[in-house]
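Me: Could you take a close look at the aromatic ring pairs in this model and walk me through them in one connected answer? I would like the surroundings explained along with the rings.

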Amino acid sequence: MKNKFLQGTFILLVTSLLLRGLGFVYQMLVVRLAGTEAVGILNMSYPFYMMLVVLATAGMPVAIAKLTAEYVSRQREGQIGTMMTVAFRLVMVLVLCGLLGALFLLPRMFTLLDTEERVARCFYVLVPGIAIVPFTSLMRGYFQGMQQMLYPSLGQVAEQVIRVASGLVLLRWVCPHDVISLAMGLAAAAMIGELSGFLLLLIFYCRSRRKGKRKEKTRPGSGMLAKLLSLGLPTTFTRLTSTIDMAIEASLVPFCLLSMGYNASQAAGIYGQFSGVAMSLLTIPTVLTGALATALVPAISEADASYQKSALQRCCQQSIQITWAFSLPIILILYLYGDGLCRLLFRIDGLGPMIKMLSFGAVFMYLGQTIVGILQGLGQTRTVFFNNLWGSAAKLIGMYYCIRILGWGSNGIAGGMVLGYGLQCLCNLVALMGQVPIRMSWKEMLLPVAGSFLMLWVIQSCHWLLGNDYDVALLAALCAGGSVYVLWLFLTGQLQTMLGYSKKERERA
């Protein structure tokens with residue numbers, strides 16, 4: 001189980017690095033070509049679109065991944081075909097409902113929330129994704145449950161490459177250079193990418209199912225819909241809470257900024273700086289934590305179904321150790337050099353205070369994502385839902401209080417985020433400790449801290465030697481510091497332990 005888990009995590013990590021690299025470069029170019037106001041308009045329309053996608057998907061990917069892993073573990077592969085047929089039929093009905101909602105209900109919601117016309121127009125460009133993304137997610141859940149991470153990874157790579165290429169073409173040569181046209185061009189590029197990823201994954205899925213049918217014996221699917229819904233609905237409620245939270249945030253932040261004296265253009269620009277620049281830097285480590293969370297669901301589910309308690313405990317401890325070791329140095333870099341990175345990569349000044357404040361809550365974001373993957377693998381989707389609900393409420397209340405009452409302006413957005421992520425992560429950690437006893441040694445906790453301070457010393461020394469006034473010096477210093485940190489993990493044996501190659505781990509295996 002552990003080899004599959006690490007192999008799947010490695011494939012997802014490599015894919016995520018490629019995707020995040022492409023996406024990060026694309027985001028840099030988008031900010032420079034379209035500006036933060038266009039990015040803000042797109043990001044304000046995106047939560048309304050995601051709300052309908054989440055409802056149409058109904059949490060099926062997580063349910064399919066968990067049930068597929070269980071059926072394979074218990075040698076009941078005959079149920080997989082029945083499960084996928086039921087899931088596709090259910091999602092097809094929900095997609096039709098989602099499209100009707102987009103055309104008839106969302107306009108009323110926009111009127112009720114007094115949403116900008118620019119945001120509404122951008123949303124309608126995203127509507128085709130409601131008919132594409134849910135089916136793509138079903139197939140990803142199937143491959144995730146089979147622990148065949150290569151196929152969904154290739155689909156995501158194709159999606160990102162096409163999105164980047166079409167986005168740059170639309171921004172550079174097709175779209176008029178007014179803000180709303182640029183925002184709609186970005187939305188259209190996202191849809192073209194989603195369609196290409198879906199078509200490629202559909203080919204892989206059809207080939208896989210043809211091979212699987214030769215080995216499977218069809219079994220009756222009584223109660224299959226109930227099983228899928230029992231696992232999927234709590235996940236749906238969790239994600240729906242997140243998307244509603246994002247939709248409220250996208251309306252609340254401009255409202256608070258407008259009440260402070262900003263105009264609509266400035267409010268959209270500030271929200272674009274937060275969502276398109278600051279969060280792009282902050283979510284860099286989610287390349288790793290996202291790969292871990294995805295691979296953890298079937299791995300934890302398989303270990304739990306097979307009653308392998310020691311393997312389950314090791315998998316949990318290993319994933320949390322990896323998250324802690326690779327997130328900590330990035331948090332420190334963002335705190336000390338976030339302003340310089342914004343200026344270097346996005347040509348934007350003045351975001352240093354916001355990124356410093358966000359870095360305080362970053363550790364909760366990264367650990368929280370890994371812990372959610374473990375809890376979903378254990379079937380604790382209801383717990384995740386309620387903890388996500390409390391975290392979302394705390395974030396929105398915190399944003400309103402920090403922006404409007406305290407008068408922090410753009411930095412108030414960061415204050416609310418820290419409060420929300422902190423509460424959500426701590427609640428999930430308490431829930432996990434009640435399920436699985438996790439014991440992290442002081443060595444595993446403190447060695448990454450010592451390595452991080454060594455890394456910072458190397459960065460500061462190299463930056464000073466190469467010249468503080470040169471942007472290239474900062475990048476070179478960061479690369480040198482990162483290399484030293486990885487070397488430190490290797491020399492202290494932490495890297496081998498995390499990857500399962502230590503002597504102790506080999507003896508356990």
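Reply: What follows goes through the aromatic pairs and then turns to some other parts of the chain.

Please keep in mind that this is a predicted model, and that the protein chain has 20 helices and zero strands. Of its 509 residues, 55% count as buried, and among contacts between residues at least 6 apart in sequence, 85% join residues at least 24 apart.

A pair of aromatic rings is described by the distance of the centres and the angle of the planes. With rings counted as a pair if their centres lie within 6.5 Å, the count for this model comes to 17 aromatic pairs. One of them is formed by F110 and F123, whose ring centres are 5.4 Å apart and whose planes stand at 75 degrees, so that the pair is edge-to-face; the cut-off behind that word is an angle over 60 degrees. Because F110 belongs to helix α5 (residues 106–112) and F123 to helix α6 (residues 117–126), this pair ties together parts that are 13 residues apart in sequence. Both F110 and F123 are buried.

A second pair to consider is Y151 with F204, where the ring centres are 5.0 Å apart and the planes are at 35 degrees, so this pair is tilted. The pair links distant parts of the chain, since Y151 is in helix α8 (residues 150–174) and F204 in helix α9 (residues 179–215), 53 residues apart. The two partners can be told apart by their cover: Y151 is partly exposed, with a relative accessible area of 30%, whereas F204 is buried, with a relative accessible area of 14%, and the limit for buried is under 20%. Y151 and F204 also belong to a cluster linked by ring pairs, which takes in F88, F135, Y142, F143 and Y205 as well.

The edge-to-face pair also leads to a neighbouring helix through F123. S45, which lies in helix α2 (residues 36–57), is in contact with V119, C122, F123 and L126 once its neighbours within four places in sequence are left aside. At 0% relative accessibility, S45 counts as buried.

One aromatic ring has a charge as its partner: the charged end of K356 sits over the ring of Y335, 5.3 Å from its centre.

Aromatic residues appear on the surface too. F255, Y400, Y401, I405, L406 and W408 form a nonpolar patch there, with about 600 Å² of accessible area together. Helix α15 (residues 381–405) gives the most to this patch, with three residues, while F255 comes from helix α10 (residues 224–259). F255 itself is partly exposed, its relative accessible area being 44%. For the protein chain as a whole, about 22400 Å² is exposed, and carbon and sulfur atoms supply 66% of that area.

A last site, away from the rings, concerns a glycine. G368 is found in helix α14 (residues 352–377) and counts as buried at 10% relative accessibility. G368 and N428 are 60 residues apart in sequence, yet 7.2 Å apart in space, C-alpha to C-alpha.

Terms used: Residues numbered from 1 in each chain as written. Predicted model: local features only at pLDDT ≥ 70, side-chain atom pairs only at ≥ 80, totals over all residues. Heavy atoms only, no water. Patch = residues over 30% accessible without salt bridge, like charges linked within 9 Å, V, L, I, M, F, W, Y side chains within 5 Å. Areas by Shrake-Rupley, 256 points an atom, 1.4 Å probe, with all protein chains shown as cover. Salt bridge = Lys/Arg side-chain N within 4 Å of Asp/Glu carboxyl O. Helix = DSSP H or I, 4+ residues; strand = E, 2+ residues; numbered from the N terminus. Buried < 20%, exposed > 50% of the residue type's maximum accessible area, 1.4 Å probe, protein only. Phe/Tyr/Trp six-rings, centres within 6.5 Å; stacked < 30°, edge-to-face > 60°. Lys NZ or Arg CZ within 6 Å of the ring centre and 35° of its normal. Contact = heavy atoms within 4.5 Å.
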